[in-house]
Amino acid sequence: MSSADIAMLVDMGFSMSKAEKALEITGNNGVEPAMEWLLAHSDDTEPSPEPPVAESAPASVADTPAQDSVASTGGQVSTTEVAKSMKCDVCGKLFNSSLAVEFHATKSGHDRFSESTEEKKPLTEEEKKEQLKLLDEKLRQKRKEREEQSKKEAFERERNRIKSGKEMSEARKKLEELEMKKLLEQRKREKEEEKLARQRVKAQIEADKAARRAKAAADNSQIPNSVSTLSSLSSSSSTSSHHRKDYSETKLQIRLTNGRTLTQSFGSKEQLSAVRLFVEMNRTDDCGPFNLMTNFPKKVFTEEDYDVPLDVLGLVPSAVIIVQKKTALC
């Protein structure tokens, strides 16, 4: 049981016995529960102090000679006064217990006290009512402060929760933006790689065409003289009166497997492989391997024919070439 709690209750006008009883009943949980109990039981009777224990008979007998001696002194009685309370020499307030003195000293800072023969008068009914009213007002004020503090703490918790939710939302949004940025960068890289791959394919096609042209030029310069001699003899014998004309260009009509026609001009010295490459790049029919052939005269060109110039194959100054599917599928 706290002496400070007892002193505070005594200072408020309650008796020592009631203060101790209130604290004991409320489980020593502080002044406020004890005050509430005291206010609820203000009409209860004061607990009576225990009667002093009577002394034994021999002691009373032993006191008889002493009393006789006192009576024989001619009625001389001691007039020594007994201290009935403690008084604060600073403010003059009276206290009826050392606990109340300690509480007053702690609360006010006063440090000078002395014994007094004055007796602290109990509170009147009006003073008790006024004291109870003040206590009730203090209790309401404390309850109000607790409610305000509770509301303030609830508001702070709600604000922290909202702040935490906003921070989580912003973090989630930022993460989604980073993911979207990474995805866009990845798509951009893929497009760049596709573009570079197409450029490499085009460059390879151009290189192949250039290589075929160079090879065709080299083959034309190395054609045996016998072939040219035979050609000149046959042409001179068949057309003795007509001189053969040299063509530098030929115009070819290429019929695809779907019935459509491609028309393109080629150099007369270009190889037949250039025509095949043109068909591969521009055909609109089904994909797949194919052969090139002519109807007049009917001839299916072999792999060796693709390295022969067009004028040697008789495809100048114009000709019709037919695209024929091979048996193998795509």
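Is the crossing of helix 2 and helix 3 left-handed or right-handed? In this predicted model, the crossing of helix 2 and helix 3 is right-handed. The axes of helix 2, which spans residues 16-25, and helix 3, which spans residues 31-40, come within 8 Å and cross at roughly 115°. With angles of 65 to 115 degrees counted as roughly perpendicular, helix 2 is therefore roughly perpendicular to helix 3. On the side of helix 2, the contact is made by Lys18, Lys21, Ala22, Leu23 and Ile25, and these residues meet Ala34, Trp37 and Leu38 of helix 3. Sorted by class, this contact of helix 2 with helix 3 has 6 nonpolar and 2 charged residues, with no polar residue.

A second helix contact joins helix 6, residues 125-221, to helix 8, residues 272-282, whose axes come within 10 Å and cross at roughly 160°. Because angles over 145 degrees count as roughly antiparallel, helix 6 and helix 8 are described as roughly antiparallel to each other. The crossing of helix 6 and helix 8 is left-handed, whereas that of helix 2 and helix 3 is right-handed. Helix 6 contributes Ile205, Lys209 and Arg212, which meet Ser273, Leu277 and Met281 in helix 8. By class, the contact of helix 6 with helix 8 has 3 nonpolar, 1 polar and 2 charged residues.

Helix 8 also takes part in an aromatic pairing, and the count of aromatic pairs comes to 1. The ring centres of Phe266 and Phe278 lie 5.8 Å apart and the ring planes stand at 85°, so the pair is edge-to-face, given that planes over 60 degrees apart are counted in that way. The pair links distant parts of the chain, since Phe266 lies in strand 5, residues 261-267, and Phe278 lies in helix 8, with the two residues 12 apart.

Strand 5, which carries Phe266, belongs to an open sheet of 5 strands with the order 5-4-8-6-7 and mixed pairing. The edge strands of this sheet are strand 5 and strand 7, the latter at 298-300, and each pairs on one side only. Neighbouring strands of the sheet are turned by 30° against each other on average, with direction ignored. Strand 4, residues 249-255, is joined to strand 5 by 7 bridges, and these two strands run antiparallel; within this pairing, Gln253 stands opposite Thr263 in strand 5.

A further open sheet is formed by 3 strands in the order 2-1-3, and its pairing is antiparallel. Strand 2 and strand 3 stand at the edges with a single partner strand each, so one side of each is left without a neighbour in the sheet. Strand 1, residues 85-88, is joined by 4 bridges to strand 3, residues 113-116, and the two run antiparallel; the bridge partner of Met86 in strand 3 is Glu115. Towards strand 2, residues 94-95, strand 1 forms 2 bridges, again in an antiparallel arrangement, and the bridge partner of Lys87 in strand 2 is Leu94. Strand 1 and strand 2 form a hairpin with 5 residues between them, and in the turn Gly92 has a positive phi of about 75°.

Definitions and conventions. Residues are numbered from 1 along each chain as its sequence is written. This is a predicted model: local features need pLDDT of at least 70, side-chain atom pairs count only at pLDDT 80 or more; totals for chains, interfaces and linings use all residues. Side-chain values use heavy atoms; hydrogens and water are left out. Axes are lines fitted to C-alpha atoms, for helices over the stretch in contact, and angles run from 0 to 180 degrees between N-to-C directions. Angles under 35 degrees count as roughly parallel, over 145 as roughly antiparallel, 65 to 115 as roughly perpendicular and the rest as oblique. A crossing is left-handed if the near helix is turned anticlockwise from the far one by less than a right angle, and right-handed if clockwise. Contact means heavy atoms within 4.5 Å. Ala, Val, Leu, Ile, Met, Phe, Trp, Tyr, Cys and Pro count as nonpolar, Asp, Glu, Lys and Arg as charged, and the others, Gly among them, as polar. Two strands pair if DSSP finds at least two bridges between them. Rings of Phe, Tyr and Trp (its six-membered ring) pair if their centres lie within 6.5 Å; planes under 30 degrees apart count as stacked, over 60 as edge-to-face and the rest as tilted.
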